[in-house]
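Visitor: I would like a close look at one part of this molecule, and then a walk outward from there. Could you take me through it slowly?

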Amino acid sequence: MWKKILVSAVLIIAILGGLYWLKNNYQNTQHAKAVPAATATSETFEDRVYTYDSSDLPAECALNSEMACAVEFAIKCTLNPDFAGCRQSKLPKFIFMDDESLNRPTQISFKIHKIKPVAADMVEIHTDSTCNGNWFGLCQGNIIYVLVPNGDSWRVKDIYAIEV
């Protein structure tokens, strides 16, 4: 009797262990495929600071990455919520708030220092940013842009700041 219970328990543990290994092995393979593309993109941005002024916003994105262009677009909309395409976009709603006490910046500079895949459909872009305003504290210091797929490109889903 005890032998049957012991054999059954060992068999169940072996099956569960095998399923756990397959699950983790499959996820690690998927993550490994996503990371090289993001890492290759981040290398093209090393030591480059991008500066935008609300009085002179370029219509086109000059960066060579869809992800970086999504961050650039969010910054353009932060500087000027009436910039072409901003109001129709699915950017976070707080970008469009209009209140003098928010101290909306008129100039933002940023440098991408890390692109971190979070999931297959979510990426975080870490930036070092400076601005001439306050704007919720989301333009000065370490700012993280959360990106999600938007058709063939990317869009900013959320923005937050971290203290180091």
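Visitor: Let's begin at the second largest pocket. Which elements each supply at least two residues of its lining?

Guide: Happy to start there, with one reminder: this is a predicted model. The elements you are after are helix α2 and strand β5, the latter spanning residues 153-162, and each gives the lining of the second largest pocket at least two residues. Helix α2 itself covers residues 66-79. The space inside this pocket comes to about 190 Å³.

If you would like to select the lining on your screen, pick E66, C69, A70, F73, S89, K90, L91, N150, S153, W154, R155 and V156. Sorted by class, these residues make a mixed wall, with 6 nonpolar, 3 polar and 3 charged.

Two of the lining residues lead us elsewhere, so let's follow them in turn. C69, one of the pocket's lining residues, is joined to C61 by a disulfide with an S to S distance of 2.0 Å. The link of C61 and C69 is left-handed, with -85° about the S-S bond. Its two ends fall into separate accessibility classes: C61 is partly exposed at 28% relative accessibility, while C69 is buried at 16%. The cut-off matters here: C69 counts as buried because its 16% is under the 20% limit.

The other lining residue to follow is V156, which also belongs to the largest nonpolar core. That core has 33 residues, and the members that touch the most others are Y52, I75, F110, I125, Y145, L147 and V156. Two or more residues come to the core from each of β1 (50-53), α2, β2 (107-119), β3 (122-131), β4 (141-150) and β5. Helix α2 gives the most, with 9 residues. The two elements named for the pocket lining, α2 and β5, are therefore also among those listed for the core.

From the core we can step to an enclosed space. The structure holds 1 cavity of 30 Å³ or more, and the volume of the largest cavity is about 40 Å³. Its lining consists of I75, T78, I108, W135, L138, C139, Y145 and I159. I75 and Y145 will look familiar, since they were named among the core members that touch the most others. By class, the cavity lining has 7 nonpolar residues, 1 polar and no charged. Set that beside the second largest pocket, whose lining includes 3 charged residues.

C139, in the cavity lining, takes us to another disulfide. C131 and C139 are bonded with their sulfur atoms 2.0 Å apart, and these two cysteines are buried. The link of C131 and C139 is right-handed, at 45° about the S-S bond, whereas the link of C61 and C69 is left-handed.

The count of disulfides is 3, and the remaining one joins C77 to C86, with 1.8 Å between the sulfur atoms. That link is left-handed as well, with -90° about the S-S bond. C77 is buried at 0% relative accessibility, and C86 is buried at 0% too. Counting the bonded cysteines along the chain, the disulfides follow the pattern 1-2, 3-4, 5-6.

Let's finish with the charged pairs, beginning back in helix α2. E72 and K76 form a salt bridge through their side chains, with an N to O distance of 3.4 Å. They are 4 residues apart in the helix, which means that about one helical turn separates them. The two partners lie out of reach of the solvent probe for the most part: E72 is buried at 2% relative accessible area, and K76 is buried at 2%.

The count of salt bridges is 2, and the other one pairs R87 with D82, their closest N and O atoms being 3.0 Å apart. Here the setting changes. R87 is partly exposed, with a relative accessible area of 47%, and D82 is exposed at 57%. D82 earns the label "exposed" because its value is over 50%, while R87 stays in the class in between. As for the pairing itself, side chains of opposite charge can pair when their charged atoms come close.

Notes
Residues numbered from 1 in each chain as written. Predicted model: local features only at pLDDT ≥ 70, side-chain atom pairs only at ≥ 80, totals over all residues. Heavy atoms only, no water. Salt bridge = Lys/Arg side-chain N within 4 Å of Asp/Glu carboxyl O. Buried < 20%, exposed > 50% of the residue type's maximum accessible area, 1.4 Å probe, protein only. 1 Å grid on protein atoms, 1.4 Å probe; cavity = no way out; pocket = protein on both sides within 12 Å on 5 of 7 lines; lining within 4 Å. Points joined across faces, edges and corners; volume = space filled by probe spheres on them. Nonpolar A, V, L, I, M, F, W, Y, C, P; charged D, E, K, R; others polar. Disulfide = S-S within 2.5 Å. Core = buried A, V, L, I, M, F, W, Y, C linked by side-chain atoms within 4.5 Å.
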